[in-house]
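Q: Could you walk me through how to read a few features of a model like this one, with the general idea before each case?

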Amino acid sequence: MAGAIETRSIDWIPTGERRGKVHHQAPFWFTGNFVLTTMVTGFLGPANGLSAGWSVLAAVAGACFGTLFMCFHANQGPTMGLPQMIQSRAQFGSRGALVPFIAVIFVYIGFNVFNTILATSGFKTVFPGPNWLWYLGLMVAAIVIAVVGFDLMMVVQRWLTYLLIVVFGVLTVYAVSTLHLNAAVPDGGKFSLTVFLMQFAAAAGYQISYAVYVSDYSRYLPENTSAKHVIWWTYLGAAGSSVWLMSLGAVLASALPTPDAIVSIQTVGNQLLPGFGTFTVVVASIALVTIMSVNAYGASLTSMSALDAFRPITPTVRLRVLGIALTSFVAFVVALSLPEGYLESFNTFVLLMLYFLIPWTAVNLVDFYFVRRGHYSIVDIFRPDGIYGRWSWRGLAAYLVGMVSMVPFISLHFYEGPIAKMLGGVDISFVVGLAVSGLAYYVLTRGVDLAPEHAAVERSRAELSAA
């Protein structure tokens with residue numbers, strides 16, 4: 001029931017507790033991506049002189065590409081019955097997994113910082129008040145939802161989907177039919193491969209960042225859930241909302257002089273009907289609070305997984321609540337210290353996030369689909385001295401090689417790699433990182449004898465079945 005507090009955290013979900021409908025993954029991820037931070041990602045192209053048409057194309061291509069990697073993680077949930085990040089112990093070792101864990105916690109907290117700031121700006125269009133008070137109130141609301149847990153988040157996301165489709169559907173039709181596209185872009189917008197790929201990379205990185213969440217919300221599905229169905233429904237929801245909102249962001253940024261999510265929505269909506277723009281902003285801000293709860297929930301699970309690697313813990317409700325509260329407090333402090341002009345900081349954050357998560361997602365997916373093919377000893381994942389060990393040099397080496405391979409291709413305002421300079425500032429590091437990390441891990445695991453693991457997998461199944 002949605003009102004019952006979830007008792008599970010990083011532990012395995014028993015067969016008797018598996019439930020839910022696979023098509024509910026679509027509305028969950030639709031609302032999960034239908035937030036103002038997604039729209040801000042679409043501002044990047046027009047803000048750097050790219051026309052609305054090319055910006056939309058780059059955002060759509062990037063979002064569709066990035067979502068591919070995200071949605072293939074969805075099948076890991078019902079197959080393994082575990083949260084997303086603790087599965088990384090099979091590739092990196094129980095303690096080696098701390099390397100991607102740190103990056104992932106950074107992602108969760110970082111997104112909650114930007115979401116909190118945007119939601120505060122949205123609610124203040126109706127209810128004024130000091131920022132710190134709004135930050136605190138929104139954090140508390142998100143914490144309550146996250147503490148109740150999985151069932152409540154699934155229900156809230158599903159019902160918000162219907163409201164968002166109706167409200168933003170009206171706004172989008174009006175915006176596209178009345179705004180003068182490219183009016184705010186210098187010279188009407190010219191094609192630039194550099195900016196096109198910049199927009200593509202930002203959209204792809206934004207979507208790939210959701211890979212760290214996915215099986216957290218598919219792990220309650222029955223083990224026999226069709227892989228094709230869970231992947232498809234996840235892709236439909238996540239890609240659908242990101243394509244829509246990033247494209248709308250590109251349209252608004254190309255037509256309005258100031259690329260600001262709150263002001264743009266409010267201005268266009270109120271032109272359609274007085275007060276409609278403000279109402280739309282409030283609805284979007286509510287959606288931000290729900291994704292803040294998702295981030296707090298995931299940050300707690302990842303933090304507990306990291307702690308458990310060094311000191312075995314009992315995953316109680318109390319510990320999950322403590323993790324949610326602590327990570328939310330960190331986000332609150334960072335939000336208070338962030339300067340007003342955060343758009344450039346957000347774009348840099350998305351790109352940095354891409355660099356750190358690309359090697360992890362490549363290693364994790366290659367292991368699941370091509371090396372171990374979905375067969376894992378669940379009990380050994382929780383045992384530091386189990387078959388996966390404390391440090392798995394193959395996964396760590398592939399991750400490191402992938403990170404190093406991206407450096408020459410990185411293009412940021414404070415650093416530009418030598419190959420990125422040769423390409424005129426075009427950043428293709430994410431493509432290089434995916435290919436190198438995935439290939440390196442596949443090559444390094446070619447000589448691994450998986451026969452002992454197969455026996456451990458069977459013992460694990462018997463032990464879990466008896467329990």
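Q: Let's start with one side chain: does Arg 373 count as buried or exposed?
A: Arg 373 counts as exposed, with a relative accessibility of 57%. The cut-offs, found with a 1.4 Å probe on protein chains only, are under 20% relative accessible area for buried, over 50% for exposed, and partly exposed in between. Before we go on, note that this is a predicted model, where local features need pLDDT of at least 70, side-chain atom pairs count only at pLDDT 80 or more, and totals for chains, interfaces and linings use all residues. Residues are numbered from 1 along each chain as its sequence is written, and side-chain values use heavy atoms, with hydrogens and water left out.

Q: Where does Arg 373 lie, and what is its phi?
A: As a general idea, most residues other than glycine have a negative phi. Here, Arg 373 has a positive phi near 50 degrees and is not a glycine. It sits in the loop between helix H15 (343-371) and helix H16 (378-381). Helices are DSSP runs of H or I with at least four residues, strands are runs of E with at least two, and both are numbered from the N terminus. To place Arg 373 in the fold, take Ser 241: the two are 132 residues apart in sequence, and their C-alpha atoms are 30 Å apart.

Q: Which loop holds Asn 182, and what is the phi of Asn 182?
A: Asn 182 belongs to the loop joining helix H9 (150-178) and helix H10 (193-208). Its phi is positive, about 70 degrees, although Asn 182 is not a glycine.

Q: What is the distance between the C-alpha atoms of Gln 25 and Met 154?
A: They are separated by 8.4 Å, with their positions 129 residues apart along the chain. Gln 25 is part of helix H1 (residues 25-33), and at 1% relative accessibility it counts as buried. Arg 18 offers another such case: it is in the segment before H1 and counts as buried at 11%. From Arg 18 to Glu 223 the C-alpha distance is 7.7 Å, across 205 residues of sequence.

Q: How do I read helix packing?
A: Two packed helices are described by the angle between their axes and the distance between the axes. In this model, the axes of helix H4 (residues 52-71) and helix H11 (residues 227-255) come within 9 Å and cross at roughly 155 degrees. Axes are lines fitted to C-alpha atoms, for helices over the stretch in contact, and angles run from 0 to 180 degrees between N-to-C directions. H4 and H11 are therefore roughly antiparallel; the classes are roughly parallel under 35 degrees, roughly antiparallel over 145, roughly perpendicular from 65 to 115, and oblique for the rest. H4 passes H11 in a right-handed crossing, meaning that the near helix is turned clockwise from the far one by less than a right angle, while anticlockwise would be left-handed.

Q: At what angle do H17 and H19 pack?
A: Helix H17 (residues 393-406) packs on helix H19 (residues 429-444) at about 155 degrees, with the axes 8 Å apart. That makes the pair roughly antiparallel, and the crossing of H17 and H19 is right-handed.

Q: How many cavities of 30 Å³ or more does the structure hold?
A: Rolling a probe the size of a water molecule over the atoms shows where empty space is left. There are two cavities of 30 Å³ or more in this structure. On a 1 Å grid over the protein atoms alone, a cavity is a set of points where a 1.4 Å probe fits but cannot get out; a pocket is an open set with protein on both sides within 12 Å along at least five of seven lines, and lining residues have an atom within 4 Å of a point. Points are joined across faces, edges and corners, and a volume is the space filled by probe spheres set on them.

Q: What lines the largest cavity?
A: Its lining includes Tyr 108, Asn 112, Asn 295 and Ser 328, around about 40 Å³ of space. Helix H7 (98-123), helix H13 (276-310) and helix H14 (317-337) each give two or more residues to this lining.

Q: Which helix gives the most to the lining of the second largest cavity?
A: H13 does, with four residues. This cavity holds about 30 Å³, and Tyr 108 and Asp 216 are among its lining residues.

Q: Which residues lie nearest the centre of the second largest pocket?
A: They are Thr 79, Glu 223, Ile 378, Arg 461 and Leu 464, out of 16 lining residues. Helix H5 (76-80) and helix H20 (451-466) give two or more residues each, and H20 gives the most, with five. The pocket holds about 300 Å³.
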